[in-house]
Amino acid sequence: MTGTVTAPDGARELLVPANAVFAPVHRSRCRYVVLRGSAGSGKSADTAQSYILRLLAEPGRNLLCVRKIDDANRSSTFSELVSAITRIGVSRYFDTTHSPLSITCRKNGNTVLFRGLLDERQREKLKSITFPHGKLTDIWIEEATELEEADLDMLDDRLRGELPEGLFYQIKLTFNPVSINHWLKRRFFDTRDPSVFTHQSTYLDNRFLDPDFHARMERRRVQDPDGYRVYGLGEWGLSGGQYFSEWRDALHVVEPFPIPDGWRRYVSFDYGLDMLAAYLFAVDPAGRAYAVRELYRSDLIISDAAHALRERLLDGGVYQIFAPPDLWNRRQDTGLSAAELFAQYGVPLTRADNDRVSGWLNLREWLKPVRDEFGRETPSLRIFSNCENLIRTLPALRRDAKNPSDVSDTPHELTHAPDALRYFLAGRPCPAALPAPEAERLYRNRFADSKTRF
């Protein structure tokens, strides 16, 4: 991809080479632009280049570059911006100083300052930062995993007040996703927010890399698979051993789409007073499964849980509803099982297989990419992006230290959604094979004869 920008004096156009993968980033006007990527993906170089072009083209913009340690800017953000100025060929439009670090556009006075957040003194200095011309409009946080969430909140507070027409506030965060438990993932990736634009890139997207770097990454892929997932593929890392190493956001998470009438639908859930984690699944004619919709709520008694299931997941009819076997244990107060109570409230259940180890291994097989009918490598299981808690917890599961074949139950909150998924897959869901009316008939019959299945 090559872009063109008119030079500040209007005498010529600047031809600006760029990696096509970052085109959506360049278009975003979201307040938060969060770029996670592998080593060598080009995210920092592209960020620096886009800022130089923005500073040239938009009078009234000023940029603050932040690292946890102030002097780390010298070899990162400052160096990247100076390199971008040289690469684009606009050195005559910028003044740079090395002590203190700063960059100023000669044509419009737009300025870049560099700061750290290591101690309270540096934080206090940031609260009173000013620019010769205009307001602070842009913040670039490089190696954002170094910062605490409170650091971001303090920086975010600096972007306030009315701006001239055409200008907008924006914070860009660039980082390698070293930990799946980092606050960055919770804040920007686990829930949807229209003010947030997230982006993932890898070294494979960078057409400017040399062959030696590709060879080095290939060696890492073989010698250090876990490190390669983070630093080669830009996937979230996990200390202590990630159980589902097959997980890839780009492969397993898809945007919602209308489910065809003929696809067989299932519901599966894990239930306790601490959490109801339930999912609507659909299976296509090729046997691929999709987690379509999520219900994730705590502190629900059985009648409320049944009502929520009917309202949220059973509105279109399902073929089967899987639940954990302990719901069939008889309660001392009533002599009835939870499964019988659910049936009385209009939610007849099928007892799921609860062999944990074989269930997790089965789930790994569903996550593993296989060659489809079009010759593409695709997994047998995909998850709609609106199933946020399943997407959050499934890749965060660790191996159990005492039994590596099982997942760790600590923290317990992480297992509810994956357990619901495990119950569904253990039920051997069948591909869509029946016309929609026939599927509806079977569903109605399951409600009608629910009492005979306990």
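# Exercises on a predicted model

Helix α4, which covers residues 120–126, contains Gln 122. The model is a predicted one, and the exercises below work through selected parts of it.

## Exercise 1. The surroundings of Gln 122

Task: Determine whether Gln 122 is buried or exposed, and identify which backbone atom lies 2.8 Å from a polar atom of its side chain.

Solution.
1. The relative accessibility of Gln 122 is 14%. The cut-off for a buried residue is under 20%, so Gln 122 counts as buried.
2. The atom sought is the backbone nitrogen of Leu 118, 2.8 Å from a polar atom of the Gln 122 side chain.
3. Once neighbours within four places in sequence are set aside, the contacts of Gln 122 are Lys 68, Asp 70, Gly 116 and Leu 117.

## Exercise 2. Asp 151 and its polar partners

Task: Locate Asp 151, classify its exposure, and state which side chains make polar contacts with the side chain of Asp 151.

Solution.
1. Asp 151 belongs to helix α5, residues 149–156.
2. Its relative accessible area is 2%, so Asp 151 is buried.
3. One polar contact of the Asp 151 side chain is with the side chain of Lys 68, at 2.9 Å. Another is with the side chain of Arg 123, at 3.1 Å.
4. Leaving out residues up to four places away in sequence, Asp 151 touches Lys 68, Leu 117 and Arg 123. Lys 68 and Leu 117 are also among the contacts of Gln 122.

## Exercise 3. A pairing across the sequence

Task: For Val 21, find the loop in which the residue lies and the distance between its C-alpha atom and that of Asp 205.

Solution.
1. Val 21 sits in the loop that joins β2 (13–17) to α1 (23–27).
2. With a relative accessible area of 23%, Val 21 is partly exposed, because that class lies between the 20% and 50% cut-offs.
3. Although Val 21 and Asp 205 are 184 residues apart along the chain, their C-alpha atoms are separated by 6.5 Å.
4. Asp 205 is also touched by Val 21, as are His 199 and Gln 200, when residues up to four places away in sequence are not counted.
5. For the chain as a whole, 69% of the contacts between residues at least 6 apart in sequence join residues at least 24 apart.

## Exercise 4. Backbone exceptions

Task: Describe the peptide bond from Ser 99 to Pro 100, and give the phi values of Asp 299 and Arg 428.

Solution.
1. Most peptide bonds are trans, and most residues other than glycine have a negative phi.
2. The bond from Ser 99 to Pro 100 is cis, its omega being near -5°. Pro 100 lies in the loop between β5 (94–98) and β6 (101–105).
3. Asp 299 has a positive phi, near 60°. It is placed in the loop between β14 (289–297) and α10 (302–312), and at 62% relative accessibility it counts as exposed.
4. Arg 428 has a positive phi, near 50°. Its loop runs between α14 (416–426) and α15 (436–448), and at 71% relative accessibility Arg 428 counts as exposed.

## Exercise 5. Helix α14 and its packing

Task: Establish how many residues of α14 are buried, and how α14 is oriented relative to α12.

Solution.
1. Of the 11 residues of α14, 10 are buried, and the helix is mostly covered. Among the buried ones are His 416, Asp 419, Arg 422 and Phe 424.
2. The axes of α14 and α12 (residues 356–367) come within 9 Å and cross at roughly 85°. Angles of 65 to 115 degrees count as roughly perpendicular, and the two helices are therefore roughly perpendicular to each other.
3. From α12, the residues making the contact include Trp 360, Leu 363 and Trp 366; from α14, they include Pro 418, Leu 421 and Leu 425.
4. By type, the residues of this contact divide into seven nonpolar, two polar and three charged.

## Exercise 6. The nonpolar cores

Task: Name the residues that touch the most other members of the largest nonpolar core, and the element that gives the most to this core.

Solution.
1. The largest core has 66 residues, and Ile 141 and Leu 155 touch the most other members.
2. Helix α14 gives the most to this core, namely six residues.
3. A second, separate core has 33 residues, including Ile 259 and Trp 328.
4. Beyond its neighbours within four places in sequence, Ile 141 has contacts that include Val 66, Leu 155 and Ile 171.
5. Across the 454 residues of the chain, 52% are buried.

Technical notes
Residues numbered from 1 in each chain as written. Predicted model: local features only at pLDDT ≥ 70, side-chain atom pairs only at ≥ 80, totals over all residues. Heavy atoms only, no water. Helix = DSSP H or I, 4+ residues; strand = E, 2+ residues; numbered from the N terminus. Buried < 20%, exposed > 50% of the residue type's maximum accessible area, 1.4 Å probe, protein only. Polar contact = N/O pair within 3.5 Å; in protein donor to acceptor, adjacent residues only side chain to side chain. Contact = heavy atoms within 4.5 Å. Core = buried A, V, L, I, M, F, W, Y, C linked by side-chain atoms within 4.5 Å. Axes fitted to C-alpha atoms, helices over the stretch in contact; angles between N-to-C directions. Parallel < 35°, antiparallel > 145°, perpendicular 65-115°, else oblique. Nonpolar A, V, L, I, M, F, W, Y, C, P; charged D, E, K, R; others polar.
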